[in-house]
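Let's take a walk through a protein structure together, one region at a time. Have the sequence and the 3D view ready, and look up each residue as it comes along.

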Amino acid sequence: MKKLRRFFLSRVWREKILLLLFVAIAAAIWGSSVSERISLRSREVSRTGTDLEVQRTWLTRRAKIEADAKAAVENLDPAKSFNPLRLNAELSTMAAKAELPKDFSTDSVNSEKTEDFSVHSVIFKAQRVSFDALRKFYDEIVKRAPYMGIEQFSVASTNDPSKLNVNLRVTSVEIAR
Amino acid sequence: MSSSAATPAPPSPWPTAAGASDESATDRVVILPDARFFVRTLSVDPAATATQVAAEVELALETLSPFPVAQLYHGHYWQPGSSRVLVYAAYRRRFTAEETERWPSADLVIPAFVTAMGMAAAPATTLLLVAEDSCTALHWSEPGPVPTKVLIEPVVDSASEEERARVRDDVVKGLGGRRVVTAVTETPIPLGTDDERDFRFRLGEATTRLAGASAEALDVRDKEELAALRRARQRDRWMWRGFVGLLGVLLLCLLAEGAMVGIKAWQSRRQQTLVAQQPEVDRIMRAQSLSERIEKLTTERLRPFEMMDAASQPIFSGQTPSIQFVQVNATGLYVLEIKAKTTVASEVDAYQSALRRHPAIANVAMPDYQGRGGETNFTFVITFRPEILKGAKPTAQP
């Protein structure tokens, strides 16, 4: 350090200024870059820490959640549950029984699975349905609870005051045998 | 240090030299030949301040010197409380431009004998400094840092050893013929110091130290130039501090870079853990979500008809007969969104009031209301009370 001090102080005024300027620019550029990267890294570390904490919470609760999940389907009869094919077939049967127009439609089944059970859902659409027929169809679904249920319900009026357009999301439970 | 004169040399009054000559110290100090200077010891008030002493010295020089003070290089040595001040001066023209070339960059410019100042010399101490071109004698007859008398006798270059010895004897005689004399034949050598404020010198085998605080008085250079130099040094010190500070920032950046490399490796391991755990966490979350859905399907169900019954009661009871539902959405287990229209705008408010009075309804919000060409379109978001809704049986017709 003494040598550096001697070197610095022995420079002429202009050289001292230039040296200072050079080091100041280097410190500003490097310092700014390092500070930016530290800030970025710090956010990343913090985010990862939060994610890991969330994961740890879930993993800590694993045993209880799995026990709850088992308990949720414990009292359900696997034979009465509906896989995607049975869900579609049952909807058709119920629609026919409730005298819904034959041009109803169902979208592809969306399934979510665990080791012990699955939940399937499908969007059911029917046009120009009478209120009575819709009511019968609803009653049929209610009869199949808790193996089948409605999660979303939407009706809209049509030009014919006695008819409705129907849009339902029907959900079914499938218990693994 | 060597001894001369009739008796053996007494023990040296100074500390033994320690530390080698330092190149930077040599650059910092310019030592001038004693022969160019005339020296006087003046009496001063011991209670005087350094500024007062400096003023007295200038006044004394005006009377002592045949030249104006402005044409002199001069300095003085005084210590607070001392009743003596040693004044030395030289005519400026006795120094060539080559000789003064190094002065601006030096920290101290003094005659050689000044390096012996500041020594705690005991009374009756005489020091003889023998140089190629002069012989200087300093004598302390009384206690105190300032010599009582200083004699400088020039010696010509061509002088023989006998002639030089005679000059030495003359000088000693000039001091009253001291019998005990400590002689130094080597040129004083500046030494490096620990704090770089004080000035240390090797004088023969001894070391002497001049306090940095007294340097301005000791220095023979023009006092205004010295002041300018001091200001320049002050500025340089600040620049150096700034330079060191910036170097510190660069060092911190370097350390931060190193730390970031470590953090990156650690973070990478955490990311790997995160990715490895995610499938299991997803499975648990899915199990939780699905078990909740099954729980809802088992214990609770969407009751759109029961909610529509409650919402259409004011219409069928004749309170708001003109209202017609356009669309009904069950957006939650206990929330119904109704888009409706009417040709009687006043019935909207009546309808809302009727709904609010219904025991199964907890809240009615109207996020949208538009009137156009005699027809009013509006949207109600109705929140039901679960405990009452669960007990209701669907009966109504739209």
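Start where the two chains meet: 64 residues of chain B are in contact with 65 residues of chain A. Keep in mind as you look that this is a predicted model. The size of an interface is often given as the accessible area lost when the parts come together. Here, chain B and chain A bury about 6,100 Å² between them, and 68% of that area is on carbon and sulfur atoms. Three residues of chain B deserve a click: B:Trp240, B:Leu297 and B:Phe305 supply 12% of the area that chain B buries against chain A, more than any other three residues.

What kinds of polar links cross between the chains? There are 19 residue pairs in polar contact between chain B and chain A, counting pairs with both residues at pLDDT 80 or more, and the number of salt bridges between the two chains is four. Which parts of chain B make up the side that touches chain A? Helix α6 (223–299), helix α7 (304–316) and strand β14 (324–332) each supply at least two of its residues. The largest share comes from α6(B), with 42 residues. Sorted by class, this side of chain B has 33 nonpolar, 15 polar and 16 charged residues.

Strands take part in the meeting of the chains too. Strand β4 of chain A, residues 148–157, pairs with β14(B) in the antiparallel sense, over four bridges. To find the place in the viewer, look for A:Phe153, which stands opposite B:Ala330 in β14(B).

Now zoom in on one of the salt bridges between the chains. The side chains of A:Lys16 and B:Asp236 meet with N and O 3.0 Å apart. This pair runs from helix α2 of chain A (residues 13–60), which holds A:Lys16, to helix α6 of chain B, which holds B:Asp236. Are these two charged residues buried or exposed? A:Lys16 has a relative accessibility of 3%, so A:Lys16 counts as buried. B:Asp236 has a relative accessible area of 11%, so B:Asp236 is buried as well. B:Asp236 also forms a salt bridge with B:Arg235, where the closest N and O atoms are 3.3 Å apart. B:Arg235, at 34% relative accessible area, is partly exposed. In chain A, salt bridges that share partners join A:Glu90, A:Lys97, A:Glu140, A:Lys143 and A:Arg144 into one network. Over all chains, a search of the whole structure finds 26 salt bridges.

Next, move to strand β4 of chain B, residues 72–77. How many of its six residues are buried? The count is six of six. In a regular strand the side chains alternate between the two faces of the sheet. You can follow the two sides of β4(B) by eye: B:Leu72, B:His74 and B:His76 are on one side, while B:Tyr73, B:Gly75 and B:Tyr77 are on the other. Both faces of β4(B) are covered.

Follow the chain onward to strand β5 of chain B, residues 84–91. β4(B) and β5(B) pair in the antiparallel sense over six bridges, and one matched pair to look for is B:Tyr73 with its bridge partner B:Ala90 in β5(B). The hairpin formed by these strands has six residues between them, and in this hairpin B:Gly81 takes a positive phi near 90°.

Strand β5 of chain B leads to another salt bridge, in which the side chains of B:Arg84 and B:Glu142 meet at 3.0 Å, N to O. B:Arg84 lies in β5(B), and B:Glu142 is in the loop between β8 (134–140) and β9 (149–154) of chain B, so this pair ties together parts that are 58 residues apart in sequence. The two partners differ in cover: B:Arg84 is buried at 8% relative accessible area, whereas B:Glu142 is partly exposed at 39%.

Our last stop is B:Arg164, in helix α4 of chain B (residues 161–174). With a relative accessible area of 12%, B:Arg164 is buried. What surrounds B:Arg164, leaving aside its neighbours within four places in sequence? B:Arg164 is in contact with B:Ala131, B:Glu132, B:Val155, B:Val156, B:Asp157 and B:Ala159. For B:Ala159, the backbone oxygen lies 3.5 Å from a polar atom of the side chain of B:Arg164.

Terms used:
Residues are numbered from 1 along each chain as its sequence is written. Chains are lettered from A and ligands numbered from 1 in the order in which they are written. This is a predicted model: local features need pLDDT of at least 70, side-chain atom pairs count only at pLDDT 80 or more; totals for chains, interfaces and linings use all residues. Side-chain values use heavy atoms; hydrogens and water are left out. Contact means heavy atoms within 4.5 Å. Buried area is the accessible area (1.4 Å probe) that two parts lose on being put together, summed over both. A polar contact is a pair of N or O atoms within 3.5 Å; within protein, one must be able to donate a hydrogen and the other to accept it, and residues adjacent in sequence count only if both atoms are side-chain atoms. Ala, Val, Leu, Ile, Met, Phe, Trp, Tyr, Cys and Pro count as nonpolar, Asp, Glu, Lys and Arg as charged, and the others, Gly among them, as polar. Two strands pair if DSSP finds at least two bridges between them. Buried means under 20% relative accessible area, exposed over 50%, partly exposed in between (1.4 Å probe, protein chains only).
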